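User: I have a chain to look at and some basic questions about how it is built. Could you take me through them one at a time?

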Amino acid sequence: MKLDFLAGVGAFTIFNGRVLKRLPHLGKRRQELVIQIKRIGVDSLPLIALTSSFTGLVTALQLVYQGRGYIPDHLFSVLISKSTMIELAPVLTALVMTGKVGAAIAAEIGSMRVSEQLDALSSMSVEPEEFLYLPRIAAGVVAFPLLTIFANVVGIGSAWFFNWLRNGIHYHTFFNNIRSYFQTFDLLSGIVKAIVFGFVITSLACFFGDRTRGGAEGVGRSTMLTVVYSAVWVLVMDFIVAFVILGSV
């Protein structure tokens with residue numbers, strides 16, 4: 001079991017090395033990069049808006065329930081904004097995108113593998129690492145931070161809306177307190193997490209898609225492995241990145 005795990009880690013590392021070696025050629029694939037950014041980023045905006053709005057609502061509800069009598073009402077917005085920017089927006093966005101983007105990329109590439117389309121590309125001297133994998137991974141690294149910023153805006157906005165309905169807190173009071181206690185470090189730490197998550201999810205999807213064998217059953221298995229491993233590694237990397245960034249604060 002341990003040897004299988006180490007072999008998998010080694011294969012994944014070698015795979016990423018082959019892909020990143022093609023990074024200087026990314027400019028030649030800028031059209032595909034733009035297409036993938038649209039698929040990963042723009043096409044995911046409605047889903048992220050829905051999930052982040054309810055995340056903001058439930059965060060505000062839980063904070064009102066747990067903090068009433070212990071935390072002044074005017075500080076609710078500060079706690080909501082910091083928890084959203086540092087943790088909730090990047091992590092929940094990544095977990096949602098694991099099912100939407102990671103599964104889609106793995107299924108797409110896995111289908112190309114079992115139908116021998118990747119072998120056909122190689123026979124025409126077109127390297128899948130440059131033509132397929134690099135634009136998708138680069139698009140994930142670019143799109144995930146932008147989606148996280150969007151999730152911050154929607155989540156914090158919906159939290160204010162709940163506080164306005166429940167407690168009558170004016171938007172000026174709510175957002176002025178956020179501005180008073182705002183630290184650029186909070187926003188940047190969430191963006192750094194999003195960049196890492198974007199790389200992890202898209203690279204795992206490309207990796208498992210490339211290793212697909214066994215027809216339709218193999219495509220399903222690769223998709224399942226992508227979702228499971230991506231979700232696990234999002235949580236693992238969340239702690240690692242948080243410890244590196246916040247551990248010395």
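Analyst: A residue counts as exposed when its relative accessible area is over 50%, as buried when under 20%, and as partly exposed in between. The model shown here is predicted.

User: Is Glu-116 buried or exposed?

Analyst: Glu-116 is found in the loop between helix 4 and helix 5 (117-123). Its relative accessibility is 53%. The cut-off is over 50%, so Glu-116 counts as exposed.

User: What is the phi of Glu-116?

Analyst: Most residues other than glycine have a negative phi. Glu-116, which comes just after helix 4, does not follow that rule. Its phi is positive although the residue is not a glycine, with a value near 65°.

User: Which residue in the loop between helix 5 and helix 6 has a positive phi although it is not a glycine?

Analyst: The residue sits in the loop between helix 5 and helix 6. Its relative accessible area is 67%, so it is exposed. Its phi is about 65°, and the residue is Ser-125.

User: How many helices does the protein chain have?

Analyst: Read along the sequence, the pattern is α-α-α-α-α-α-α-α-α. There are zero strands in the protein chain, and the number of helices is nine.

User: What percentage of the residues in the protein chain is buried?

Analyst: A residue is buried when its relative accessible area is under 20%. The protein chain has 249 residues, and the buried part of them is 44%.

User: How far apart are the end C-alpha atoms of helix 4?

Analyst: Helix 4 covers residues 76-114, which is 39 residues. At 1.5 Å a residue, the helix should span 57 Å. The distance in the model agrees with this: 53 Å.

User: Where does helix 4 bend?

Analyst: The bend in helix 4 is about 55°. The residue at which it lies is Thr-84.

User: Where is the kink in helix 6?

Analyst: Helix 6 has 40 residues and reaches 55 Å from its first C-alpha to its last, close to the 58 Å expected. The kink is about 35° and lies shortly before the proline Pro-135, at Leu-134.

User: Which residue follows helix 6 with a positive phi?

Analyst: The phi in question is near 70°. The residue that follows helix 6 with this value is Gly-168.

User: Is His-170 buried, exposed or partly exposed?

Analyst: His-170 lies in the loop between helix 6 (128-167) and helix 7 (171-181). In sequence it is 10 residues from Trp-160, and their C-alpha atoms are 8.5 Å apart in space. The relative accessible area of His-170 is 44%. That value falls between the two cut-offs of 20% and 50%, so His-170 is partly exposed.

User: Are helix 8 and helix 9 roughly parallel or roughly antiparallel?

Analyst: The axes of helix 8 (residues 184-210) and helix 9 (residues 215-246) come within 9 Å and cross at roughly 150°. By class, their contact has 18 nonpolar, four polar and two charged residues. Angles over 145 degrees count as roughly antiparallel. Helix 8 and helix 9 are therefore roughly antiparallel.

User: What is the arrangement of helix 4 and helix 7 to each other?

Analyst: The axes of helix 4 and helix 7 come within 8 Å and cross at roughly 60°. The crossing is right-handed. Angles under 35 degrees count as roughly parallel, and 65 to 115 as roughly perpendicular. The angle fits neither class, so the arrangement of helix 4 and helix 7 is oblique.

Definitions and conventions
Residues are numbered from 1 along each chain as its sequence is written. This is a predicted model: local features need pLDDT of at least 70, side-chain atom pairs count only at pLDDT 80 or more; totals for chains, interfaces and linings use all residues. Side-chain values use heavy atoms; hydrogens and water are left out. Axes are lines fitted to C-alpha atoms, for helices over the stretch in contact, and angles run from 0 to 180 degrees between N-to-C directions. Helices (H or I, at least four residues) and strands (E, at least two) are DSSP runs, numbered from the N terminus. Ala, Val, Leu, Ile, Met, Phe, Trp, Tyr, Cys and Pro count as nonpolar, Asp, Glu, Lys and Arg as charged, and the others, Gly among them, as polar. The expected span of a helix is 1.5 Å times one less than its number of residues. The bend at a residue is the angle between axes fitted to the seven residues ending there and the seven starting there. Buried means under 20% relative accessible area, exposed over 50%, partly exposed in between (1.4 Å probe, protein chains only). A crossing is left-handed if the near helix is turned anticlockwise from the far one by less than a right angle, and right-handed if clockwise.
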